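Work through the exercises below with the sequence and the model at hand. Each task is followed by a solution in steps.

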Amino acid sequence: MAVSFAPSSANVLFFTLFAASVLVGLVDSAKFDQYFEASWAQDHLEYDGEQLNLKLDTYSGAGFASKSKYLFGKTTVQIKLVEGDSAGTVTAFYMSSDGPKHNEFDFEFLGNTTGEPYLVQTNVYVNGVGNREERLSLWFDPTKEFHSYSIFWNQRQVVFLVDETPIRVFVNKEKEGLAFPKDQAMGVYSSIWNADDWATQGGRVKTDWTHAPFVASYKGFEINGCECPTETAAEENTNRCSSGERKYWWDQPMLSELNLHQNHQLIWVRNHHLIYDYCTDSTRFPVAPLECGHSRH
Ligand SMILES: *[C@@H]1O[C@H](CO)[C@@H](O)[C@H](O)[C@H]1NC(C)=O
């Protein structure tokens, strides 16, 4: 069904509700098993019907995956990260397609010793190529309460959000000849694992296994996207999910870029919390990657 956007009052209301839910995050959250299932070490995953815990110990980490794949939309989970000593651990929440030319949008939460701050690393892979790391500190302690982490994705942008505040935007620059991830359906994933060779203070601080198990907790699972059944041909899914008819809420013109308020939030985050940006790393990239635009001074 195509929705016309003549400004009838019903449409205005509908649109306002969507805008409110997108911006304020009022979308009702669902139960874990509505969208997800265990994907790694089922015995290290506990679910009580409300809250899900992923455990890392000397035997194994753990993970879960969406049952379906999606093209565009928004996914959110609320996470309470490992409390106390989490050094050496990484908890990840990400979307990814399959295969060597896959696309991927990553949140990686890098643990730390007790009392030292977590870092959030984000990365974007396009056609199998990543190397687009950014690192931020947070404006709260992510181990004390649940906070929401979201990936919003449409044909114009990929936005990483923390409690609905945008922390990173990957903009479609196809007009400038750069590839943008828009034709591979992606699953939604999360996992916790040991990465003490690099995660904490550059790998200098190792996991202290006397503090295991390391537990990350989840609730408020939400996926609001165009579902791509595996039995349907990829091309058919692409056509259905990226029709130009604006039949999906994430294709509304106002969501083709951040609004003014979100732009201010993004600037605030980057001024106060950005720790590392591949775009400004001239040791790694003597010539700034093309998508970095004018961000290197
Ligand atoms: C851990 O804490 C140290 C000291 O405060 C800090 O330099 C580092 O960025 C923090 N995060 C990680 C992941 O190393």
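The exercises cover the annotated residues, the sheet and the ligand shell.

This is a predicted model, in which local features need pLDDT of at least 70 and side-chain atom pairs count only at pLDDT 80 or more, while totals for chains, interfaces and linings use all residues. Residues are numbered from 1 along each chain as its sequence is written.

**Exercise 1.** Locate the residues covered by the UniProt annotation "active site" and state their exposure.

Solution. The unreviewed UniProt entry places this annotation on Glu 104 and Glu 108; such annotations may be inferred rather than shown by experiment. Glu 104 lies in strand E7, residues 104-110, and Glu 108 is found in E7 too. Strands are DSSP runs of at least two residues, numbered from the N terminus. For exposure, count the other C-beta atoms within 10 Å: 20 or more means buried, 12 or fewer exposed, and anything in between partly exposed, with C-beta atoms placed from the backbone. Glu 104 has 18 such atoms and is therefore partly exposed. Glu 108 counts as partly exposed because it has 18 C-beta neighbours inside 10 Å.

**Exercise 2.** List the contacts of Glu 108 and follow them into the sheet.

Solution. Contact means C-beta atoms, placed from the backbone, within 7 Å. Leaving aside neighbours within four places in sequence, Glu 108 touches Val 90, Ala 92 and Gln 121. The C-alpha atoms of Glu 108 and Gln 121 are separated by 5.0 Å, although the two are 13 residues apart along the chain. Val 90 has Trp 193 of E13 as its bridge partner. Strand E6 (residues 89-96) pairs with E13 (residues 187-194) in the antiparallel sense over 8 bridges; pairing requires at least two DSSP bridges.

**Exercise 3.** In which order do the 8 strands of the open sheet run, and which stand at the edges?

Solution. The order is E1-E4-E13-E6-E7-E8-E9-E15, with antiparallel pairing. E1 (36-40) and E15 (274-277) each have a single partner strand, so one side of each is left without a neighbour in the sheet.

**Exercise 4.** Which residues surround the ligand?

Solution. Taking C-beta atoms, placed from the backbone, within 6 Å of the molecule, the residues are Leu 110, Asn 112, Glu 116, Pro 117, Leu 119, Thr 200 and Gln 201.

Methods. Helices (H or I, at least four residues) and strands (E, at least two) are DSSP runs, numbered from the N terminus. Two residues are in contact if their C-beta atoms, placed from the backbone, lie within 7 Å.
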